[in-house]
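Colleague: I'd like a close look at one part of this model, if you have a minute. Here is what I have open.

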Amino acid sequence: MSPTPVSNAGESARLNADVLAAGAVLWRKAGGRLEVLLVHRPKYDDWAWPKGKVEKGETLPECAIREIEEETGYRVTLGLPLPPARYTVGKKLSKHVEYWAAHVETEAPPRPANPKEIDKAVWLPIEDARNKLTRFSDREQLDRLEQAHQTGSLYGFPVIIVRHGKAFPRSKWHETEQLRPLLGLGTRQSLALTGLLDAWEPRRLISSPWKRCVATLKPYSASTGRNIKTIKWLSEKNNSNKPEKTKQALEKIIAKEQAVAICTHRPVLPTVFRTLASFAPTGLAEKLPSEDPYMNPGEILIAYFRPGPVPRIVEVERYRPIDT
């Protein structure tokens, strides 16, 4: 049975709310101390994190990147997921806001695009920011960010697992299995993944050498100029014959501690998730998919790692590309 098409951000993230929004806690190190960026909204006369509502055809991660750039002038990549906010607005409408940490490396000052929406943006030390935030609940994201800074999780890296896009049915394909291509839906998913993956800007692209996996990452590769490296142990056949080799290949990738996207097949996913589970505490290991089909075609799972002698997973999230 084919998965239900994804037409909006709620379906992409498996979230149900009347209003969906996304943003980030921007952080930097200045003079040896941690600072975060607050923005002032003149319409509400409040100080908050940069965020905004999703637009049509946008996923939550893509929304966060766009809104941050509009409200602060900074182009960032998403880091550690932070606690979301959920509250009621208007006439009993439910609103859900997803947040991430995002590192700002430039020393340039913030430049909001529209002063009617954001008229001030200031960098503040943690305690000053805690006192200046208008909504008490916004301190939850700040507390998590401070804790992540103390434990080293703030400096982590994402390992993005990609299940290849919807492929030509196996039962109707009578040629070499490794040449089975994507369907039109799979191609749309691969194109939609370009914007979604760009929220994390994976520097390394790794794939099973089989056609449908390479084709899934190809649009992102073309848009960024980053080459796709193929590893034979990520293919169905080689994983079936020697899953320990697949596990070793994944461990080597993780050991490099770089943002990476890895595209593989549904039958390989059990090996992938067993390997990831070995890097995760029990609670997070339980968030990894454990039942067939594990992920939908074109779906991504982001395992965010804390670097160290033995990297550890500190958060997991999943998104499907908008494919309608």
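What distance separates the centres of domain 1 and domain 2, taken over C-alpha atoms? And could you walk me through how the two domains meet, then the contact of α8 with α9?

Modeller: Sure, and keep in mind that this is a predicted model. The domain assignment splits the chain into domain 1, residues 9–153, and domain 2, residues 156–319. Going by C-alpha atoms, their centres are 28 Å apart. Where the two domains meet, 20 residues of domain 1 are in contact with 17 residues of domain 2. As for area, people often give the size of an interface as the accessible area lost when the parts come together. Here, domain 1 and domain 2 bury about 1,500 Å² between them, and 53% of that is on carbon and sulfur atoms. On the domain 1 side, keep an eye on R14, P81 and S153: they supply 28% of the area that domain 1 buries against domain 2, more than any other three residues.

Now for the helix pair. Helix α8 covers residues 243–255 and helix α9 covers residues 269–277; their axes come within 9 Å and cross at roughly 50°. That angle is why α8 counts as oblique to α9. The crossing is right-handed. From α8, the contact uses P243, T246, K247, L250, E251 and I254, while α9 brings T271, V272, T275 and L276. Sorted by class, the contact of α8 with α9 has five nonpolar residues, three polar ones and two charged ones.

Conventions. Residues numbered from 1 in each chain as written. Predicted model: local features only at pLDDT ≥ 70, side-chain atom pairs only at ≥ 80, totals over all residues. Heavy atoms only, no water. Axes fitted to C-alpha atoms, helices over the stretch in contact; angles between N-to-C directions. Helix = DSSP H or I, 4+ residues; strand = E, 2+ residues; numbered from the N terminus. Parallel < 35°, antiparallel > 145°, perpendicular 65-115°, else oblique. Left-handed = near helix turned anticlockwise from the far one by under 90°. Contact = heavy atoms within 4.5 Å. Nonpolar A, V, L, I, M, F, W, Y, C, P; charged D, E, K, R; others polar. Domains from an automatic or database assignment. Buried area = accessible area lost by both parts, 1.4 Å probe.
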